[in-house]
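Biologist: Could you take one part of this model and go through it closely, with the cut-offs behind each term?

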Amino acid sequence: MPIDFYSASFKDFEDIPGLNVYERSAYFTQFLNYLKSQDRLNYRLLSNSPCSPEMEIQLEGGSKPRRMVSFVSNDYLGFSQHPKVKEAVIKGVEQFGAGSGASPAIGGHFSYHQILEDKIAAFFKRKDAILYTTGYTANSASLISLLRKQDIAILDMAVHASMYEGCAYTNVKTFPHNNLDALERILQNTKDTYRTRAVVIDGVYSQDGDLAPLNRIVELTKAYGAFLVVDDAHGTGVLGKSGRGLIEVYDLFHEIDMITGTFSKTFGNIGGYVIAKPEIINYLKYQSRQHLFSVTATPAVHGIIKAIDLIDEEPQWMNRLWNNIDYLKNGLVDLGFNIGNTQSAIIPVKIGDPVLNAESARILLNEGIYVNPIMYPAVSRKDARIRLSVMATHTTENLDKALNAFQKVKSLIH
């Protein structure tokens, strides 16, 4: 049956009965061309400038790049462009070269890897960590290694996609987002049934920007003898008195069984990490295939090491970030937009209808505001939104320009 391109999403093309890989790919290309013709393909836009609050973007059909205010980056503190971070990257490359040349077990474990493992563990008041090439891999690879057929993963439905992928080899149950009654029922019903029960949550949720009730989840997991995994990728550097994330807000550093995160957001680089008891970390170092058989991070991770220091050395960046968050949130609410229950640097402007959402993104691009429209399956079909990521380095002029553009969106949807 032909797919209705007008209401379709990327997920509709994952598996089409009767079409082989070439036919399905060709059909999907037709869909992409349709989106381009409707000015609805706001993805994979080419940037000719650094990751920053203003970026030069090459729009489809444009003769030259256009300078736009950007709200697509998770570089919350602007550390990817911090002079001290860039200086550390340059020094690391000058000393060690461009790459590491091997996987960690067979010659690719360098002093800077060990320094970074020790530093990120200490950042969360722990002693042991393991590095992965991406934050996505940190989640998927660690869970794949730890959870098998005799185990079960109990996931908040809104966790990162990487967590779902990490549960491919184990049993899975999900509970409605932040619904602790449902979580407790699952914990009760699975008692004495599985070898390991892992409750898997995010600290800050990536689409709504809201927070997990971490203190109550810790109480539940301990009461029922479960293993708790927390991905606080979007909370680190944003929440907590010293930027240690939601775990710091509740002072639960030693109560979480496994902490995961990424270096691609607050720390302005790339890579991921898992922090846990030494026995878990040692197991992952030799049993997690994506770590064991992947070449390790480049010497550019010296920039991450410096970025971790800067969170403590220059707290003004987190203060500036929250000033910007509050300013933009208040402005959007004053315009009458629904931004949900966000308590982070992620602000979802909830449009609802996916077609109106795509048109809103088109208007914003035309007004010089670079944003991402979020559609199904990232959110439900009727919960489409424009997702804004706020940076400490946005200026008031940047934020005002965005609010003026949203004024034009308001006339479309109201």
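Modeller: A residue is buried under 20% relative accessible area, exposed over 50% and partly exposed in between, with a 1.4 Å probe and protein chains only. The model is predicted, so local features need pLDDT of at least 70 and side-chain atom pairs pLDDT 80 or more, while totals for chains, interfaces and linings use all residues. Residues count from 1 along each chain as its sequence is written, and side-chain values use heavy atoms, without hydrogens or water.

The part I take is the open sheet of 3 strands, in the order 11-14-13, with antiparallel pairing. Strands (DSSP E, at least two residues) and helices (H or I, at least four) are numbered from the N terminus; two strands pair if DSSP finds at least two bridges between them. Strand 11 covers residues 346–352 and strand 13 residues 372–374. Both are edge strands with a single partner each, so one side of strand 11 and one side of strand 13 have no neighbour in the sheet. From one strand to the next, the twist averages 30°.

Strand 14 spans residues 384–389 and runs antiparallel to strand 13, to which 3 bridges join it. One residue pair that can be picked out in the viewer is Ile 374, whose bridge partner in strand 14 is Arg 385.

The loop between strand 13 and strand 14 contains Pro 377. The peptide bond joining Tyr 376 to Pro 377 is cis, with omega at about 10°. As background, most peptide bonds are trans. Tyr 376 also takes part in a ring contact: the charged end of Arg 381 sits over the Tyr 376 ring, 3.9 Å from its centre. That wording requires NZ of Lys or CZ of Arg within 6 Å of the ring centre and within 35 degrees of the ring normal. Elsewhere, the charged end of Arg 320 sits over the ring of Trp 317, at 4.6 Å from the ring centre.

Helix 13, residues 354–366, lies across strand 11, strand 13 and strand 14. Its direction is about 35° to strand 14. Axes here are lines fitted to C-alpha atoms, for helices over the stretch in contact (heavy atoms within 4.5 Å), and angles run from 0 to 180 degrees between N-to-C directions.

Further along the chain is helix 14, residues 396–413, with 18 residues. From the first C-alpha to the last, helix 14 reaches 25 Å, close to the 26 Å expected at 1.5 Å a residue, where the expected span is 1.5 Å times one less than the number of residues. The buried residues in helix 14 include Asn 398, Leu 399, Ala 402 and Leu 403. Ala 405, Phe 406 and Val 409 of helix 14 are buried too.

For reference beside that sheet, consider strand 9, residues 258–262. Strand 9 is mostly covered, with 5 of its 5 residues buried. Met 258, Thr 260 and Thr 262 point one way, Ile 259 and Gly 261 the other way. Strand 8, residues 227–231, runs parallel to strand 9 and is joined to it by 3 bridges; in this pairing Val 229 stands opposite Met 258. Strand 10, residues 272–276, pairs with strand 9 in the antiparallel sense over 5 bridges. There the bridge partner of Ile 259 is Ile 275.

A link back to strand 14 can be given as a distance. The C-alpha atoms of Tyr 286 and Ser 389 are 36 Å apart, and the two residues are 103 residues apart along the chain. Tyr 286 belongs to helix 9, residues 278–287. Tyr 286 counts as exposed because its relative accessibility is 59%.

Two backbone angles elsewhere are worth listing with the cis bond. Lys 125 is a residue other than glycine with a positive phi, near 60°. Lys 125 sits in the loop between helix 3 and strand 4, residues 129–132, and is partly exposed at a relative accessible area of 47%. Asp 192, also not a glycine, has a positive phi of about 65°. The loop that holds Asp 192 runs between helix 6 (180–189) and strand 7 (197–202). With 73% relative accessibility, Asp 192 counts as exposed.
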